[in-house]
Amino acid sequence: MSKETPHIVGLGNAIVDVVAAVDTAVIDRHDLSPGGMHLVDANAAQALFEEVGPGVRQSGGSVANSIAHLAETGVKGTYLGKVANDDLGQTFRQEMEGLGIAAPVTDAADGATGTGRCVVLVTPDGERTMSTYLGAATTMAPSDLAEAMPDGVDILFIEGYLWDAPQGAAVIEDAAQRAKAAGARIALTPSDAGCVERNQNVMWNFITRHVDILVGNLSEIGQLAGTDDPESAIGWAMGIVPVVAVTLHDSGSLVADGTGVHRIPAAPVAKVVDTTGAGDAYASGFLGALARGETVDEAGRRGAEMAATVLTHYGARNGAAAQAISLPAA
């Protein structure tokens, strides 16, 4: 463990989010599952973008959001993810650099597919439905980590979505081995229930071999555990990993380690505008607190407080750009 400022390194798919407010008819028209994450090709992503308009652009990717929020905690963050040398890639790097977050992985080679993007459709109830084109993120390889993985890592935080990339499993395994050799703990977010279903065997195997901290919502961890009961899900997880956090939307979260299971209430929010990135923010607060040596129940409260900050505006990160869109006229 580092004796200086705690350092969390995130590994995942680098994406730029395009967030737009829509009515539920748009979700139905594109045959999307409300609240889900859908992998789409470049043409489908472009067609959806053309219908909903420019929205708000903000650098995204689940773990990238979590690492970005570390700028608010005093914990050092580094992000490992691949972008293209294009406008969206420049946006991604500039936003990370503006937060003091290092992003050392080199850009995809010239001629490679463009930077990944996610069209986030937010309905009036605050639910978000995502259509993701991974783009250059799918080109990250273990060789990219040889020089990019920093020294002095306390926690490596891995995004389950990375298993959807062609070399994702190899990248995850290589990163975990490097981080463990440096004395780091390995944290994982399963990303979403669909990602778990697509990658269940390899994800479960990785968890049993490497994961020290598992953070996710009930649908994700429940998919791994084969249950939709919160207590059963966290009990299953505690039989495999030392530290677990299961988020339960407005019911708060359950967190656990060797001291037992603790129920953490959700932090109060006057009005939920957009749930995009709330889980990412929770993970940031939770892991940041663990890296600082706080107890698991204190970490759960930090996670809840961080999640509440993003529920009151559009977009997965805090900042002026997140305030820039309004709901469509009736």
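1. Angles under 35 degrees count as roughly parallel. In this structure, which is a predicted model, helix 6 and helix 7 pack at an angle of about 5 degrees, with their axes 12 Å apart, and the two helices are therefore roughly parallel to each other. On the side of helix 6 the contact is made by I172, E173, A176, Q177 and K180, and on the side of helix 7 by F206, R209 and H210.

2. These two helices belong to successive units built around strand 9. Helix 6 (residues 168-181) forms a right-handed β-α-β unit together with strand 8 and strand 9, while helix 7 (residues 193-210) forms a right-handed β-α-β unit with strand 9 and strand 10. Helix 7 also lies across strand 8, strand 9 and strand 10, and runs at about 155 degrees to strand 9.

3. Strand 9 itself deserves a closer look, both for its surroundings and for its partners. Four of its five residues (residues 185-189) are buried, so strand 9 is largely enclosed by the rest of the structure. Strand 8 (residues 155-159) pairs with strand 9 in the parallel sense over five bridges, and within that pairing I155 stands opposite R185 of strand 9. Strand 10 (residues 213-217) also runs parallel to strand 9 and is joined to it by two bridges, with L214 of strand 10 as the bridge partner of L188.

4. The wider setting of these strands is an open sheet of eight strands, in the order 5-1-8-9-10-11-12-13 and with mixed pairing. Its edge strands are strand 5 (76-80) and strand 13 (260-264), each of which pairs on one side only. On average, with direction ignored, neighbouring strands of this sheet are turned by 15 degrees against each other.

5. Further along the order of the eight-stranded sheet, strand 11 (residues 243-247) and strand 12 (residues 253-257) pair in the antiparallel sense over four bridges, and V246 stands opposite L254 in strand 12. Helix 9 (residues 230-238) packs on the sheet here, touching strand 10, strand 11, strand 12 and strand 13, and its direction makes about 25 degrees with that of strand 12.

6. Another open sheet consists of five strands in the order 3-7-6-2-4, and its pairing is mixed. Strand 3 (37-39) and strand 4 (56-60) stand at its edges, each with a single partner strand, so one side of each is left without a neighbour in the sheet. Neighbouring strands are turned by 25 degrees against each other on average in this sheet, direction ignored.

7. Within the five-stranded sheet, strand 2 (residues 15-21) and strand 6 (residues 115-122) pair in the parallel sense over seven bridges, and A20 stands opposite L121 of strand 6. Helix 2 (residues 42-52) lies across strand 2, strand 4, strand 6 and strand 7 (128-135), and runs at about 45 degrees to strand 6.

8. One residue outside the sheets may also be worth inspecting, namely R93, which lies in helix 4 (residues 87-98). Is R93 buried or exposed? Its relative accessible area is 18%, and because buried means under 20% relative accessible area, R93 counts as buried. A polar atom of the side chain of R93 lies 2.6 Å from the backbone oxygen of A103. Not counting residues up to four places away in sequence, R93 touches V83, A103, V105, T106 and D107.

Key: Residues numbered from 1 in each chain as written. Predicted model: local features only at pLDDT ≥ 70, side-chain atom pairs only at ≥ 80, totals over all residues. Heavy atoms only, no water. Buried < 20%, exposed > 50% of the residue type's maximum accessible area, 1.4 Å probe, protein only. Pairing = 2+ DSSP bridges. Right-handed = clockwise from strand over helix to strand, strands pointing away. Axes fitted to C-alpha atoms, helices over the stretch in contact; angles between N-to-C directions. Contact = heavy atoms within 4.5 Å. Polar contact = N/O pair within 3.5 Å; in protein donor to acceptor, adjacent residues only side chain to side chain. Parallel < 35°, antiparallel > 145°, perpendicular 65-115°, else oblique.
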